[in-house]
Amino acid sequence: MEIRKIKPDECAELLCGFDYAFAEWTGRAIAAEQTNSINPNDVLAVFVDDKLASALLNFKFQQSIRGVVKGMGGIGGVWTYPEYRSQGFVRELIKAAFSEMHSLGMATSMLIPFKDSFYANLGYVTSNANLEVKVPIAALRHTLHAEIAGNWYVERVNASSVKDEFLRFMLTMAPQQHHGITLPLNMTDIQWQELMEKYLCVKVEQDGQLAAIAIYGINSNFRAALGDRLINIRHMYWNSLDARTKLFGFFASHRDQVRYISMDLPLGSNFYQWFQNLTDPCETKVGINAYMVRVVDVEKAIADLPALLEGKVTIAITDPFCDWNNDTFTIFSLDGKLTAKRTQAQPDEIATIQAMSALVYGTLNIEEIEYRNWLTISNPQVSAILSSWFPPMPIYSTFRF
């Protein structure tokens, strides 16, 4: 068994594995141009007797953690051919991915699990899924007639053409607005084009400057059931309430073309305030695929996180998969920001990597973390300090991988 990066001429073989694991097997021949969307540097694979047996994608993303942008490894496309299963290949691939993340200076990792109990044994903790909302588009009609001062321009283009413009605006707006948001700043042009080939983009400019942007898909098929005729917003950002109104006004102009508008929103969003005259019922649900998250490098994950309360905590951390985290750290606040440093001091608490992941990402409160035996606190003042530094927060992310 050998774990390594794939070679460019092995990308077609990788896509055959994707077909087997995630699609309908047709035995199709993989054309050379179809492999362009694969970046071999993102792939870790297991080879047995020179045959591809298992693989995953380790995307190099950035992520906003409590408003601080950090390097993140996004795990996706995990598969194994059936004749090679139950041999620990995926477990070894994940360990190799952790080592790669660490060597690249990445602090965290996130994925959507095929089985959460499997990844829990690798140190990941469950966070949450997005709120999914479907609303009659006529409830945005009021935004069409809003009187807004200024020089405004609205343009509709193919989403495949706006990579740099969209990501620049997203990087400006998203980190302070959304905890856990994934920023695919290293995505190649070919990967972006394949991801966005079926989507459109609307740009709202004020006085020549981008003020709002959204990427969406549309189903206007008049033969479809009314509930299926909709606009699905995949990503959207704005820098002012006026810009949001202009953006929603663009979507309201479709009211005679499609029946509904749908979007993913942060869990707990009060979206009702955006709409008027909801005479038809709206549909809301929480997605079934909750993200799982993990700290890969304790020092980098904690560095510069906001801290309103002054204090110092010493923690002994255990991590069976990332040896560099197995140490005692003093975490302290300075000028409203956290720092973690290795120390020889006696620890105030003992924590598993699951505890640190839950704290950094805010997936659980202190009581719940202690209840799961991930955290043992000897100093009662530590609970108050940690609760102040790491309050629970829902994760929101719109890019899936």
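**Aromatic pairs, a buried strand residue and overall form**

In this predicted model, the count of aromatic ring pairs comes to 26. One of these is formed by Phe166 and Tyr237, whose ring centres lie 6.2 Å apart with their planes at 55°, so that the pair is classed as tilted, the angle falling neither under 30 degrees nor over 60. This pair links distant parts of the chain, since Phe166 belongs to helix H4 (residues 163–177) and Tyr237 to strand E12 (residues 230–238), with the two positions 71 residues apart in sequence. Phe166 is buried, with a relative accessible area of 0%, and Tyr237 likewise counts as buried, at 2% relative accessibility.

A further pair joins Phe250 and Phe251, where the ring centres are 5.4 Å apart and the planes stand at 70°, so the arrangement is edge-to-face, the angle being over 60 degrees. Phe250 has a relative accessibility of 15% and therefore counts as buried, the limit being under 20%, while Phe251, with a relative accessible area of 0%, is also buried. Elsewhere, ring pairs connect Phe98, Phe114, Phe118, Tyr119 and Tyr124 into a cluster.

As regards the chain as a whole, 10 helices and 20 strands are assigned. For 401 residues a compact globule would be expected to have a radius of gyration near 21 Å, and the value of 23 Å computed for the chain agrees with that expectation. Along the principal axes, the C-alpha atoms fill a box of roughly 65 × 55 × 40 Å. Of the 401 residues, 52% count as buried, and the accessible surface comes to about 18,700 Å², of which carbon and sulfur atoms contribute 48%. Among contacts with a sequence separation of 6 or more, 74% are accounted for by residues 24 or more positions apart. The chain carries 35 positive and 43 negative charges, and the mean positions of these two sets are 4 Å apart.

Long-range contact can be followed at a single residue, Ile65, which lies in strand E3 (residues 51–65). Ile65 has a relative accessibility of 0% and is therefore buried. When residues up to four places away in sequence are left aside, Ile65 touches Lys70, His179, Leu305, Val360 and Tyr361. In addition, the C-alpha atoms of Ile65 and Ile181 are 7.9 Å apart in space, although 116 residues separate the two in sequence.

Two loop residues were examined for their backbone geometry. Most residues other than glycine have a negative phi. Asp335, which is not a glycine, nevertheless has a positive phi of about 55°, and this residue is found in the loop between strand E17 (327–334) and strand E18 (337–342). With a relative accessibility of 70%, Asp335 counts as exposed, the limit being over 50%. Asn373, also not a glycine, has a positive phi of about 65° and is placed in the loop that runs between helix H9 (366–371) and strand E20 (375–377). Its relative accessible area of 64% means that Asn373 is exposed as well.

How values were computed
Residues are numbered from 1 along each chain as its sequence is written. This is a predicted model: local features need pLDDT of at least 70, side-chain atom pairs count only at pLDDT 80 or more; totals for chains, interfaces and linings use all residues. Side-chain values use heavy atoms; hydrogens and water are left out. Helices (H or I, at least four residues) and strands (E, at least two) are DSSP runs, numbered from the N terminus. The radius of gyration is taken over C-alpha atoms; the globule rule is 2.2 Å times the number of residues to the power 0.38. Buried means under 20% relative accessible area, exposed over 50%, partly exposed in between (1.4 Å probe, protein chains only). Contact means heavy atoms within 4.5 Å. Accessible areas come from the Shrake-Rupley method with a 1.4 Å probe; for residues, only the protein chains shown count as cover. Lys and Arg count as positive and Asp and Glu as negative; His and the chain ends are not counted. The place of a charge is taken as NZ of Lys, CZ of Arg, CG of Asp or CD of Glu. Rings of Phe, Tyr and Trp (its six-membered ring) pair if their centres lie within 6.5 Å; planes under 30 degrees apart count as stacked, over 60 as edge-to-face and the rest as tilted.
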